[in-house]
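Q: Please take a close look at what surrounds the ligand. Start with the overall surface, and then follow the chain outward from there.

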Amino acid sequence: MPSLSNHQQTNLLLPPHCRPKTRCSLGNFAGFANSSGSQRKALKNSGRYSRLVHVRVQTTRQNPAMTTKHGDVKIFEGIQDLTTSLADYISERADAAVKDRGSFSIALSGGSLISTMSKLYEPPYNKIIDWSKWHVFWADERVVPRNHPDSNYKLAKDGLLSKVPIIPGQVYSINDSLSADAAAEDYEFGLRQLVKTRIVDAASSSDSPKFDLILLGMGPDGHIASLFPGHPLTHEKDKWIASIKDSPKPPPERITFTFPVINSAANVAMVITGSNKADVLQKAFGEKQDTGVLPVQMVDPTEGNLVWFLDKPAASKL
Ligand SMILES: O=C1O[C@H](COP(=O)(O)O)[C@@H](O)[C@H](O)[C@H]1O
């Protein structure tokens, strides 16, 4: 991926600490059938979906998603069906955004998510997707060099981005030469410029960015992005991008989208696989506990769509 020097952004758009330097994260910044928020709220209020334990396993991708108070839930017999359905979903969202706005802003997570996107670089998706319109961001990133095995950028680059003709200057990785605080500030600064120019859409009811699609995984503790259970960052209201230096899951230093950004997206997809997620998913779909709300339970796009892609082992306790 190129560094700032071969990116079109002008210095005027750069945060002050980047202007005289050659590396800055601007440009590439370094270098759910869908129920909307309002429909979900109506479902919650109607009491028709008091618990999800009654969800029937849907084993083929022909089956429509089941609409619940938590969004639309798709449960797949095998990983192949899940990855194909996810590729259909992503390419449909991309197509709709390009028709509507002329570009597609997508935020990725790390972890197991990337391997579930593998169908995208195979026919027919690799041919039908207009990759030149994609703008790729990270919902969270570890503050490590971009070639480090813990880097979410490296994971996505090796597992997807290097296999499709995405424009390098439209891949917005963090500036890995900065501290966690500075990297978060820098990422937010870059994002603000892209909202001003509407590469990333703006939410109508707040000043938040409105990503066309945010893809999230979930850890076995119920964390999403780098927002962990009980951590004060789950209540952040002002910052779009926050730094965390005490992540319970290594590495400790990370940056993350905050809930105001996640819940302003036009579409959020939760992609959760594996039996080690079954217990927490059962809790997540149950009533919120007195002991605290799990970050995964706080994903609730205000006016957007939420869809869950689950495999059978992850959904085994629903
Ligand atoms: O640390 C992280 O973990 C979560 C979950 O990862 P998974 O491998 O259990 O799916 C991931 O979504 C996040 O991006 C990552 O930084």
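A: Quick ground rule first: accessible areas here come from the Shrake-Rupley method with a 1.4 Å probe, and for residues only the protein chains shown count as cover. On that basis, the protein has an accessible surface of about 13,200 Å², and carbon and sulfur atoms own 51% of it. Keep in mind that this is a predicted model. Its fold comes to 7 helices and 13 strands, and 57% of the 318 residues count as buried.

Now for the ligand. There are 15 residues around it, and the closest are Gly-110, Ser-112, Asp-140, Arg-142 and Lys-249. Sorted by type, that shell holds 8 polar, 5 charged and 2 nonpolar residues. Some side chains come up to oxygen atoms of the ligand. Asp-140 has a side-chain N or O atom 2.6 Å from a ligand oxygen, Lys-277 puts a polar side-chain atom 2.9 Å from one, and for Arg-254 the corresponding separation is 3.1 Å. As for cover, the ligand taken alone would expose 400 Å², and the protein buries 92% of that.

Next, the helices. In α4 (residues 152-159), the buried positions are Asn-152, Tyr-153 and Ala-156. Looking down the axis of α4, these buried residues fall within an arc of 105°, so they line one face of the helix. Their cover includes β4 (104-108), β5 (134-138) and β6 (140-142). The N-terminal end of α4 is capped by Ser-151, with a side-chain oxygen 3.2 Å from the backbone nitrogen of Tyr-153.

Strand β4, part of that cover, is also where you'll find Ser-105. Ser-105 is buried, at 0% relative accessible area. Leaving out residues up to four places away in sequence, Ser-105 touches His-135, Phe-137, Ile-199, Val-200, Lys-210, Phe-211, Asp-212 and Leu-213.

Helix α7 (residues 278-285) repeats the exercise with Ala-278, Val-280, Leu-281, Ala-284 and Phe-285 as its buried residues. They span an arc of only 165° around the axis, which puts them on the same side of α7. β3, β12 (267-272) and β13 (305-311) are among the elements covering them.

β3 (71-76) also leads into a loop that ends at α2 (79-101), and Gly-78 sits in that loop. Gly-78 is partly exposed, with 26% relative accessible area. Its C-alpha atom is 23 Å from that of Asp-221, which is 143 residues away along the chain.

Finally, the loops have some backbone oddities to check. Two cis peptide bonds turn up: Pro-123 to Pro-124, with omega about 0°, and Pro-250 to Pro-251, with omega about -5°. Pro-124 is in the loop between β4 and α3 (125-128), while Pro-251 is in the one between β10 (241-244) and β11 (254-257).

Then there's positive phi outside glycine. Arg-198 has phi of about 60°; this residue is in the loop from α5 (180-196) to β7 (201-202), and counts as partly exposed at 43% relative accessibility. Ala-225, with phi near 45°, lies in the loop between β9 (213-216) and β10. Buried means under 20% relative accessible area, so Ala-225 makes the cut at 7%.

Key. Residues numbered from 1 in each chain as written. Predicted model: local features only at pLDDT ≥ 70, side-chain atom pairs only at ≥ 80, totals over all residues. Heavy atoms only, no water. Near = heavy atom within 4 Å. Polar contact = N/O pair within 3.5 Å; in protein donor to acceptor, adjacent residues only side chain to side chain. Nonpolar A, V, L, I, M, F, W, Y, C, P; charged D, E, K, R; others polar. Helix = DSSP H or I, 4+ residues; strand = E, 2+ residues; numbered from the N terminus. Buried < 20%, exposed > 50% of the residue type's maximum accessible area, 1.4 Å probe, protein only. Arc of directions from axis to C-beta. Contact = heavy atoms within 4.5 Å.
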